[in-house]
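Okay everyone, thanks for coming. I'd like to walk you through one structure today, so have a look at it on the screen and then we'll go through it piece by piece.

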Amino acid sequence: MEGTRRVLVAADKFKGSLTAVQVAERVTAGLRRVVPDLEVEALPVADGGDGTVAAAVAAGFERHEVRVAGPLGDEVTAAFALRGRTAVVEMAEASGLQRLPEGVFAPLTASTYGSGELLRAALDEGARTIVFGVGGSATTDGGAGMLAALGARFLDADGVPVPPGGGGLASLASADLSGLDARLAEVELVLASDVDNPLTGPKGAPEVYGPQKGASPEDVRALDAALAHFAGVLEEAVGPRAAEFAEAPGAGAAGGIGYGALLLGARFRPGIEVMLDVLGFAPALARASLVITGEGSLDEQTLHGKAPAGVAAAARAADKEVVAVCGRLALAPQALGRAGIRRAYPLTDAEPDVARCIAEAGPILETVAESIARDFLT
């Protein structure tokens, strides 16, 4: 590809090793070792999960910090991003697994209350479009905590608020959404997620994602029943749309917070599509001759709505060549080709020791980027 002289680096994080911003920095450094005068544009990307706010800030949004409730109720400092009247809110900032103490899980009691507080903070700053990125949650409460933070009331048979978390919904007797923040009716709320699961059932939030959050088989059954009960009580309160939303794509995202967002009037869109729009990917793509995307593990999950697949699809539509960097590669060349990725460069090509790849991901990624430069830019 002689003549290629402008590269767009649009990669997601290498989870546990490098942020998306760091990936872009390391790739740029490696490319320029081989082609010193190379023009490189960095556009860190995310698919709605953890790292979404950081990607927005890297693209020029302003970072806003606020104290909110963490998944166990303790106060944490969480951030959202704002540019003009558009906010990017990441539920994992308030209610993510990273907010739990090391080795601690709370599948039955973790709450999304802080995510609702983050949404309220974005409203307070004047946001009129809110991209709500969901993923990486510690919670399986169907968004009940989030809705409560925004003014909903969930009471047991004695008229007392139900305990936090999905487990507490088993005692729910009545739901009242009339007190929801009136500003929500004037806002465009976009539910950005890389999963399209329904709320309950074999493909629902508890069954598919509960074990990742420490749920035992008994916990999974209890949570599935509690969320089904939650949807049933909400159907009595707000009508048949509550049942329809429970079956809708995205309802099961992030422990069912997608369901709560749909009740608020959110429109579901694949997270990477939304984020590429928000981050200004199209004009950056138009300026590029070669696109480098990637994430920590390129595997079957990548092909189902993850950031590299979204970047590659958009680039292929624009007839731009795409290569990928990753820590681990578990896709055959044919699968990469179908996704629009010409070639993938795993860290293990430069360093076979996986433990070293994780511990020294930055320097090794620079070495990998040198290989890309030699293969595609010289």
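Before the helices, one bit of vocabulary: a crossing is called right-handed if the near helix is turned clockwise from the far one by less than a right angle, and left-handed if the turn is anticlockwise. Also, keep in mind that what you're looking at is a predicted model.

So, the helix pair. Find helix H1, residues 20–34, and helix H16, residues 361–376. Their axes come within 7 Å and cross at roughly 45 degrees. That angle makes H1 oblique to H16. And with the vocabulary from a minute ago, H1 goes past H16 in a right-handed crossing.

Now the sheets. Quick reminder: strands in a sheet pair through backbone hydrogen bonds, either parallel or antiparallel.

Let's start with the open sheet of five strands, which runs E2-E1-E11-E12-E13 with parallel pairing. Which strands sit at its edges? Those are strand E2, 39–42, and strand E13, 343–346, each pairing on one side only. Going from one strand to the next, the twist averages 25 degrees. If you want to zoom in, take strand E1, residues 6–9: four bridges link E1 to E2 in the parallel sense, and Arg-6 stands opposite Glu-39 of E2.

The other sheet I want to show you is also open, with six strands in the order E3-E4-E5-E6-E9-E10, and here the pairing is mixed. Its edge strands are E3 and strand E10, 267–270, each with pairing on one side only. On average, neighbouring strands in this sheet are turned by 30 degrees against each other, ignoring direction.

You can see both kinds of pairing in there. For the antiparallel kind, go to strand E3, residues 62–69, and strand E4, residues 75–83, joined over eight bridges. Val-68 has Val-76 of E4 as its bridge partner. The hairpin of E3 and E4 has five residues between the strands, and Gly-73 takes a positive phi there, near 95 degrees. For the parallel kind, look at strand E5, residues 86–90, and strand E6, residues 129–133, with five bridges between them. In that pair, Glu-90 stands opposite Gly-133 of E6.

Last stop, a pocket. How big is the volume of the second largest one? About 230 Å³. It has 16 lining residues, and the closest to the centre are Ala-144, Ala-148, Phe-154, Pro-161 and Val-162. Helix H5, 144–149, and strand E7, 153–155, are the elements that give two or more residues to this lining. By character, the lining divides into eleven nonpolar residues, three polar and two charged.

That's the tour, happy to go back to any of it.

Conventions: Residues are numbered from 1 along each chain as its sequence is written. This is a predicted model: local features need pLDDT of at least 70, side-chain atom pairs count only at pLDDT 80 or more; totals for chains, interfaces and linings use all residues. Side-chain values use heavy atoms; hydrogens and water are left out. Two strands pair if DSSP finds at least two bridges between them. On a 1 Å grid over the protein atoms alone, a cavity is a set of points where a 1.4 Å probe fits but cannot get out, and a pocket is an open set with protein on both sides within 12 Å along at least five of seven lines; lining residues have an atom within 4 Å of a point. Grid points are joined across faces, edges and corners, and a volume is the space filled by probe spheres set on the points. Ala, Val, Leu, Ile, Met, Phe, Trp, Tyr, Cys and Pro count as nonpolar, Asp, Glu, Lys and Arg as charged, and the others, Gly among them, as polar. Axes are lines fitted to C-alpha atoms, for helices over the stretch in contact, and angles run from 0 to 180 degrees between N-to-C directions. Angles under 35 degrees count as roughly parallel, over 145 as roughly antiparallel, 65 to 115 as roughly perpendicular and the rest as oblique.
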